[in-house]
Amino acid sequence: YFTIVWYQKPSMGRVIGIAISIGCSMMAKVSGFLIAPAIALVFLDRWICEKECFKKYLGQFFVFGLISLPLGLWYPIRNFVKFKVPFNYTPHVGEPVGNVSWIQRIFDMRTEKVFVSLLSNQDAYDEYNIPLTLLKTAMFGETDLSIGAEYIIPFANLLFCINIVLVLLSLGAMGYYFIKKTAYIKGMLKWFFLLYYVVMMLFYFQFNFSMPYFSSQDFRYIIPTAIIGAMFLGFLLQDLEIGKEKGKNKFFLSLIRLMTGLFCFSSFAVYVLLIMNMG
């Protein structure tokens, strides 16, 4: 947010907002730095396009580094100095899935249920396919919610399938608006979101292969991708609403509304039933 408003009207206060945000994000989890390349791209664009403000922006960038780096790095530095914990250390935890080939981890989409498969749940294998686990954990985390509550399964199946449709629609909307000029998002901000999305996905897949454990495949590592996808789906809905008199627009508008409504209904049903089962 601070990056967007800074791009629209650069000021020292907004740079400080960016610096505090990214610094605190990294303090909580080092992967917060994944947004840094996208922010740097926005900074560089302003710097190049407004050469007459070279010194002004240089001062703002200096303040950005002065705030964000100590905030983001003090904790890993402390752990390294006090306990010799390597930078970006990740413990090897969870079920190992490195015993299958990379082809299987990408393309083997066979599955018997919408919840993750785990040997600890008496399943035949630990979930190893990365895209499939991504979709499953995005909806249900790392738990088989149907254990002891089989009546959840129909609603969970519906939720899982609707989510796939919404993911495909949001990816289509992203591709469409990166090509098409729109008043919703202009200039370098398009590339800001594209780069942030791509960096997160590259990090996610790199992390999966460098740490071949089931838990590294969880959607929680790239949650901001859902926000970006939803934003572009919102742009598409707005355009479809404006031009809904056209037959094609009516179809896609109705489709997105239906999918969104079913998503809300099925997710509500799954988690209310889960709470009732726990109670």
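Here's a quick tour of the aromatic rings in this structure and the charges that sit over some of them. Keep in mind that this is a predicted model. There are 26 aromatic pairs in the structure. One of them joins Trp 74 and Tyr 75, and another brings Tyr 177 up to Phe 235.

**Trp 74 and Tyr 75**
- These two rings, Trp 74 and Tyr 75, sit edge-to-face, with 5.4 Å from centre to centre and 75° between their planes.
- Trp 74 has a relative accessibility of 41%, so it counts as partly exposed.
- Tyr 75 lands in the partly exposed group too, because its relative accessible area is 39%.

**Tyr 177 and Phe 235**
- Here the ring centres of Tyr 177 and Phe 235 are 5.9 Å apart and the planes meet at 80°, which means this pair is edge-to-face.
- Tyr 177 belongs to helix α7 (residues 153-179) and Phe 235 to helix α9 (residues 224-242), so the pair ties together parts that lie 58 residues apart in sequence.
- Are these two residues, Tyr 177 and Phe 235, buried or exposed? Both Tyr 177 and Phe 235 are buried.

**The cluster around them**
- Tyr 177 and Phe 235 are members of one aromatic cluster, together with Tyr 176, Phe 178, Tyr 184, Phe 192, Phe 193 and Phe 232.

**Charges over rings**
- Arg 46 sits over the face of Tyr 7, at 4.9 Å from the ring centre.
- Arg 105 lies over the face of Phe 209, and here the distance to the ring centre is 5.3 Å.

Technical notes
Residues are numbered from 1 along each chain as its sequence is written. This is a predicted model: local features need pLDDT of at least 70, side-chain atom pairs count only at pLDDT 80 or more; totals for chains, interfaces and linings use all residues. Side-chain values use heavy atoms; hydrogens and water are left out. Rings of Phe, Tyr and Trp (its six-membered ring) pair if their centres lie within 6.5 Å; planes under 30 degrees apart count as stacked, over 60 as edge-to-face and the rest as tilted. Buried means under 20% relative accessible area, exposed over 50%, partly exposed in between (1.4 Å probe, protein chains only). Helices (H or I, at least four residues) and strands (E, at least two) are DSSP runs, numbered from the N terminus. A charge sits over a ring if NZ of Lys or CZ of Arg is within 6 Å of the ring centre and within 35 degrees of the ring normal.
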